[in-house]
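Work through the exercises below with the sequence and the structure at hand. Each task is followed by a solution in steps.

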Amino acid sequence: MSQKFMLKIIAHSALLLLTGFACVSAVQAQAIEQKVAVCKACHLGGTLQSTSVIPNIWGQSEGYIYLQLRDFKSGARNAPEDAAMRGFVAAMSDADMLEMAKYASTQPWPKVEPISTDAALLKKGAYATALGGCVGCHFNDWKGFSANPRIGDQSAAYLALTFRQFRSGSRANSPGMSDIVRALDEGDIDAVAAYLNAAQ
């Protein structure tokens with residue numbers, strides 16, 4: 001068998017292998033799109049209202065999304081508002097959660113409308129976040145990293161709700177956050193939420 005003929009066989013085999021990989025990738029992409037269609041019914045893309053208590057998850061840290069899905073499934077996140085998410089993840093495997101987290105993290109971060117342009121309110125929020133040391137975990141211009149979520153340019157209503165859940169103990173999957181927000185009063189919570197919401 002000539003060397004030229006062997007090279008043709010190798011090239012043809014490589015082409016078939018690459019085509020097979022491409023087909024598998026296309027099927028996988030279609031499968032994940034079908035899975036996240038349910039997510040997209042609530043977690044909208046495009047421009048989001050800052051009065052929405054549903055968080056933006058598109059472009060969020062992959063590690064954070066995975067941990068939250070895991071905590072919904074285990075019951076570590078057990079606030080009354082979390083009932084729908086607990087039902088959604090009940091049948092998900094760990095592989096499913098990892099796949100969903102990876103997909104969501106690769107999507108573009110939607111535009112979120114700022115809830116306030118009140119300079120005094122935003123200044124109060126900036127001061128409270130500085131005192132609380134929030135930037136220690138939610139660094140990178142409030143974009144976070146890995147298990148630390150992006151909180152900048154997030155829905156103000158969702159942020160305020162989350163702070164109140166941590167403060168009351170109805171959300172208990174981050175004891176450090178609960179300790180920090182217990183030092184905030186009602187006005188501080190709204191100011192911090194508005195400030196982070198405006199941090200684009």
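**Exercise 1. The largest nonpolar core**

Task: In this predicted model, find how many residues the largest nonpolar core has and which of them have the most contacts inside it.

Solution. Step 1: The largest nonpolar core has 17 residues. Step 2: Those with the most contacts inside this core are Trp-142, Leu-159, Phe-163, Val-181, Ala-193 and Leu-196. Step 3: Look at the helices that supply the core. Helix 7 (156-168), helix 8 (175-181) and helix 9 (186-198) each give at least two residues. Helix 7 contributes the most, with 5 residues. Step 4: Take Trp-142 and leave aside residues up to four places away in sequence; its contacts are then Thr-129, Cys-134, Val-135, Pro-149, Arg-150, Ile-151, Gly-152, Tyr-195, Leu-196 and Ala-199. Step 5: A second core, separate from this one, has 16 residues, among them Cys-39, Ile-57, Met-92 and Tyr-103.

**Exercise 2. Helix 7 and helix 9**

Task: Decide how helix 7 and helix 9 are oriented to each other, and name the residues that meet.

Solution. Step 1: The two axes are 8 Å apart, and helix 7 packs against helix 9 at an angle of about 140°. Step 2: Angles over 145 degrees count as roughly antiparallel, and 65 to 115 as roughly perpendicular. An angle of about 140° fits neither range, so helix 7 and helix 9 are oblique to each other. Step 3: The crossing of helix 7 past helix 9 is right-handed. Step 4: On the side of helix 7, the residues are Ala-156, Leu-159, Ala-160, Phe-163, Arg-164 and Arg-167. They meet Glu-186, Ile-189, Asp-190, Val-192, Ala-193, Leu-196 and Asn-197 in helix 9.

**Exercise 3. Helix 5 and helix 9**

Task: Classify the orientation of helix 5 (residues 119-132) and helix 9 from the angle at which their axes cross.

Solution. Step 1: The axes come within 7 Å and cross at roughly 100°. Step 2: The range from 65 to 115 degrees counts as roughly perpendicular. Helix 5 and helix 9 are therefore roughly perpendicular to each other. Step 3: Helix 5 brings Leu-121, Leu-122, Lys-124, Gly-125, Ala-126, Ala-128 and Thr-129 to the contact. Among the residues of helix 9 that they meet are Gly-187, Ala-191, Tyr-195 and Leu-196.

**Exercise 4. Helix 2 and helix 4**

Task: Describe how helix 2 (62-74) packs with helix 4 (residues 94-105).

Solution. Step 1: The angle between helix 2 and helix 4 is about 140°, and their axes are 8 Å apart. Step 2: Helix 2 passes helix 4 in a right-handed crossing. Step 3: Helix 2 makes the contact through Glu-62, Ile-65, Tyr-66, Leu-69, Arg-70 and Lys-73. Helix 4 takes part with residues including Asp-94, Met-97, Leu-98 and Ala-101.

**Exercise 5. Two loop residues**

Task: Is Asp-82 buried or exposed? Place Gly-169 in the same terms.

Solution. Step 1: Asp-82 lies in the loop between helix 2 and helix 3 (83-89). Step 2: The relative accessible area of Asp-82 is 5%. Buried means under 20%, so Asp-82 is buried. Step 3: Beyond residues up to four places away in sequence, Asp-82 touches Phe-72 and Arg-77. Step 4: Gly-169 is in the loop between helix 7 and helix 8. With a relative accessible area of 36%, Gly-169 is partly exposed. Step 5: Gly-169 and Ala-79 are 90 residues apart in sequence, and their C-alpha atoms are 8.7 Å apart in space.

**Exercise 6. Positive phi values**

Task: Where do Asn-140 and Ser-146 lie, and what is the phi of Asn-140 and of Ser-146?

Solution. Step 1: Most residues other than glycine have a negative phi. Step 2: Asn-140 has a positive phi, near 60°. Asn-140 belongs to helix 6 (residues 139-142) and is partly exposed at 47% relative accessibility. Step 3: Ser-146 also has a positive phi near 60°. Ser-146 sits in the loop between helix 6 and helix 7 and is partly exposed, with a relative accessible area of 40%.

**Exercise 7. The whole protein**

Task: How many helices and strands does the protein have, and what share of the residues is buried?

Solution. Step 1: The protein has 9 helices and 0 strands. Step 2: Of its 200 residues, 36% are buried. Step 3: The accessible surface comes to about 11,100 Å², and carbon and sulfur atoms account for 64% of this surface.

Notes: Residues numbered from 1 in each chain as written. Predicted model: local features only at pLDDT ≥ 70, side-chain atom pairs only at ≥ 80, totals over all residues. Heavy atoms only, no water. Helix = DSSP H or I, 4+ residues; strand = E, 2+ residues; numbered from the N terminus. Buried < 20%, exposed > 50% of the residue type's maximum accessible area, 1.4 Å probe, protein only. Areas by Shrake-Rupley, 256 points an atom, 1.4 Å probe, with all protein chains shown as cover. Core = buried A, V, L, I, M, F, W, Y, C linked by side-chain atoms within 4.5 Å. Contact = heavy atoms within 4.5 Å. Axes fitted to C-alpha atoms, helices over the stretch in contact; angles between N-to-C directions. Parallel < 35°, antiparallel > 145°, perpendicular 65-115°, else oblique. Left-handed = near helix turned anticlockwise from the far one by under 90°.
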